[in-house]
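The following exercises are to be worked with the sequence and the model at hand. Each task is followed by a solution in steps.

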Amino acid sequence: MIVPKIGAMKNIRLSVHSKEHTKLRQLLIRRRLDLGLSQRALAERMDVGKVETGDRRMDVFEFIDYCRALNWKPEEVLQSLQEEAV
C-alpha cells in the first residue's frame, strides 16, 4: 500500500475564488436566472447560503441538492465544467 506523504495533497483543495469555483458559481447563477428564480426563491427550495457570492464552498452533497433545486442533473454541470476546462 502506498501512503502519500503528509501534506502531499494540501494543494488539492482549491480556493473558493479559484477559476474552477468561479466558473461553477457562474454556471449555477446562470441556470437560476434562466429559470427565473431569485436567490430568495431558490433559498426557499434549499439553503443557498453564501455559495453564489463565493463566501463559502459547497460540499458534493450540497452541490447535488443545488442542482436538483435548479432542475439540473449534476452530471450535466460537471460535463460543462470539463468541456470548458479543455
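**Exercise 1. Establish the overall architecture of the chain.**

Solution. Begin with the contacts in this predicted model. Among contacts between residues at least 6 apart in sequence, 53% join residues at least 24 apart. Next, assign the secondary structure: the chain has four helices and zero strands. Read along the sequence, these elements give the pattern α-α-α-α. Finally, consider burial: of the 86 residues of the chain, 31% count as buried.

**Exercise 2. Identify the largest nonpolar core and the elements that supply it.**

Solution. First, count the members: the largest nonpolar core has 16 residues. Those with the most contacts inside this core are Leu28, Leu42, Tyr66, Leu70, Trp72 and Val77. Second, assign the core to elements. Helix H1 (19–34), helix H3 (60–69) and helix H4 (74–85) each give two or more residues to it. Third, find the main contributor: H3 gives the most to this core, with four residues.

**Exercise 3. Characterise the second largest pocket by volume, lining and residue class.**

Solution. Start with the volume, which is about 210 Å³ for the second largest pocket. The lining consists of 14 residues, and the closest to the pocket centre are His21, Leu24, Met58, Asp59 and Phe63. Turning to elements, H1, H3 and H4 each give two or more residues to the lining. The largest share, four residues, comes from H1. Sorting the lining by class then yields nine nonpolar, one polar and four charged residues.

**Exercise 4. Determine whether Arg32 is buried or exposed, and list its contacts.**

Solution. Locate the residue first: Arg32 lies in helix H1. Its relative accessible area is 7%. The cut-off for burial is under 20%, so Arg32 is buried. For the contacts, leave aside residues up to four places away in sequence; Arg32 then touches Leu37, Ser38, Gln39, Leu42, Glu52 and Leu70. Two of these partners, Leu42 and Leu70, are also among the residues with the most contacts inside the largest nonpolar core.

**Exercise 5. Find the polar contact that joins the side chains of Lys23 and Glu84, and describe the surroundings of Lys23.**

Solution. Lys23 is found in helix H1. The side chains of Lys23 and Glu84 are joined by a polar contact of 2.7 Å. With residues up to four places away in sequence not counted, Lys23 touches Arg30, Leu81 and Glu84. Glu84 thus appears both as the polar partner and in the contact list of Lys23.

**Exercise 6. Examine the backbone and accessibility of Asn71.**

Solution. Place the residue first: Asn71 lies in the loop between H3 and H4. Its phi is positive, at about 50 degrees, although Asn71 is not a glycine. Its relative accessibility is 53%. Exposed residues are those over 50%; therefore Asn71 counts as exposed.

**Exercise 7. Classify Ala43 and state how far it lies from Tyr66.**

Solution. Ala43 has its place in helix H2 (residues 39–45). The relative accessible area of Ala43 is 38%. Because this value falls between the limits of 20% and 50%, Ala43 is partly exposed. As for the separation, Ala43 and Tyr66 are 23 residues apart in sequence. In space, their C-alpha atoms are 9.7 Å apart. Tyr66 has been met already, among the residues with the most contacts inside the largest nonpolar core.

Conventions: Residues are numbered from 1 along each chain as its sequence is written. This is a predicted model: local features need pLDDT of at least 70, side-chain atom pairs count only at pLDDT 80 or more; totals for chains, interfaces and linings use all residues. Side-chain values use heavy atoms; hydrogens and water are left out. A nonpolar core is a set of buried Ala, Val, Leu, Ile, Met, Phe, Trp, Tyr and Cys residues joined through side-chain atoms within 4.5 Å. Buried means under 20% relative accessible area, exposed over 50%, partly exposed in between (1.4 Å probe, protein chains only). On a 1 Å grid over the protein atoms alone, a cavity is a set of points where a 1.4 Å probe fits but cannot get out, and a pocket is an open set with protein on both sides within 12 Å along at least five of seven lines; lining residues have an atom within 4 Å of a point. Grid points are joined across faces, edges and corners, and a volume is the space filled by probe spheres set on the points. Ala, Val, Leu, Ile, Met, Phe, Trp, Tyr, Cys and Pro count as nonpolar, Asp, Glu, Lys and Arg as charged, and the others, Gly among them, as polar. A polar contact is a pair of N or O atoms within 3.5 Å; within protein, one must be able to donate a hydrogen and the other to accept it, and residues adjacent in sequence count only if both atoms are side-chain atoms. Contact means heavy atoms within 4.5 Å.
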